[in-house]
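Me: I'd like to go through the labels on this model one by one and ask what backs each of them. Here it is.

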Amino acid sequence: MLHSNVETFRWNTATQCLEILDQLALPENERYISLASVEDYVRAITDMTVRGAPAIGITAAFGLYRAAVEHWNAADKLSKIQADSQKLAATRPTAVNLFWAIERMMRTIEAHIGDETPAAILADAQAIWREDIAMNEAMAEHGAKAIGNIQNILTHCNTGGLATGGLGTALGVIRAIDMHLKNAGNALHVWVDETRPYLQGARLTAWELMKDHIDCTLITDNMAAHFMKQGLVDAVIVGADRITRNYDFANKIGTYGLAVLAKFHHIPFYVAAPDSTFDTKLASGADIVIEERSANEVVMIKGQRIAPEGVKTRHPAFDVTPHELVTGIITPSGIIDPNQ
Ligand code: MRU
């Protein structure tokens, strides 16, 4: 049975608040923050106390339950909740899971607007979380079967329990491969890309894998080609923030470069994503809005300046990988070959 020691979300029945593991404090401190107002939910997503596409969607879903609680007795409750949904939607533009969760929750709210209490709204937020856990488990098993017995896998950013409600997307598959190998007396080794500039790989993925006793080595992003050339990478697996109709996808900046490298070295390149990551409204990756984050995240590391004051920088937080570079998309219902 697959298991993870990472608990990103806790629902506190007494306070009716979602408690989230503070990802800004990791890996040094494991502390939970209680989200007690709509503003708390908006801030947690904006400042990346919680991050990762499915996790953002789950947080927004509970944020809308909080909005419902705050406005349930107001005469114009629907328009007040709609205004809060717009605040949540304005937090981060690229991960479609955020908009998917908001649209689903708004449909539930409209259907139950005449109810005495917002209990049905809480039930749907909890269902979104529960469904994410189930989709993670299904992807993990499909992915482990498709990728098979390998020794070394490379991953980018954080796609684990911290980025989802359960085992993770790509990291869930990694957990399943490791479990199968361990059952057979072997073990998986994971190359963890540091993931500049926000360091999700170094701060979060390395922490998650070590917590779950999965053998890993942290490398800086520019080392991937070197290890691929040495034959030390059997497969690459990443998550996605939005997959368009032609199966192009957005993911953490640096993913596109990895896919090009994998193609050159004839290494299979997989993407793992739940249903909530597919955006059927967009035809191709060219239509995806890429979040541009603060230059500070490029020139500062933990409050320490690493570049001259005033230097020009760019910080696209995501890039788009064309489907031609993808071997398979691991979904909860099986593997999609994006080039068929
Ligand atoms: O900016 P982040 O940390 O929210 O970006 C996260 C990623 O890019 C993940 O790879 C992605 O959300 C898919 S995994 C759940």
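What follows is a short back-and-forth about the ligand site and a few backbone oddities.

Reply: Quick ground rules: this is a predicted model, where local features need pLDDT of at least 70, side-chain atom pairs count only at pLDDT 80 or more, and totals for chains, interfaces and linings use all residues. Residues are numbered from 1 along each chain as its sequence is written, and side-chain values use heavy atoms, with hydrogens and water left out.

Me: What makes a residue count as near the ligand, and how many residues surround the ligand?

Reply: A residue is near if one of its heavy atoms lies within 4 Å of the molecule. Here 18 residues surround the ligand, with Arg51, Ala53, Arg92, Asn251 and Lys252 the closest.

Me: Why is the Arg92 pair with the ligand called a polar contact?

Reply: A polar contact is a pair of N or O atoms within 3.5 Å; within protein, one must be able to donate a hydrogen and the other to accept it, and residues adjacent in sequence count only if both atoms are side-chain atoms. A polar side-chain atom of Arg92 lies 2.8 Å from a ligand oxygen, so the pair falls within 3.5 Å. Gln200 also has a polar side-chain atom 2.8 Å from an oxygen of the ligand, and for Asp241 a side-chain N or O atom is 2.9 Å from a ligand oxygen.

Me: How do you know that the ligand lies between domain 1 and domain 2?

Reply: Both domain 1 (9-132) and domain 2 (141-336) give residues to the shell, so the ligand lies between them. The domain bounds come from an automatic or database domain assignment.

Me: What is the make-up of that shell by class?

Reply: Seven nonpolar, seven polar and four charged residues. Ala, Val, Leu, Ile, Met, Phe, Trp, Tyr, Cys and Pro count as nonpolar, Asp, Glu, Lys and Arg as charged, and the others, Gly among them, as polar.

Me: Which peptide bonds are cis?

Reply: One joins Leu26 and Pro27, with omega about 5°; another joins Arg196 and Pro197, also with omega about 5°.

Me: What makes Met48 worth a look?

Reply: Phi of Met48 is near 65°, a positive value in a residue other than glycine. Most residues other than glycine have a negative phi, and most peptide bonds are trans.
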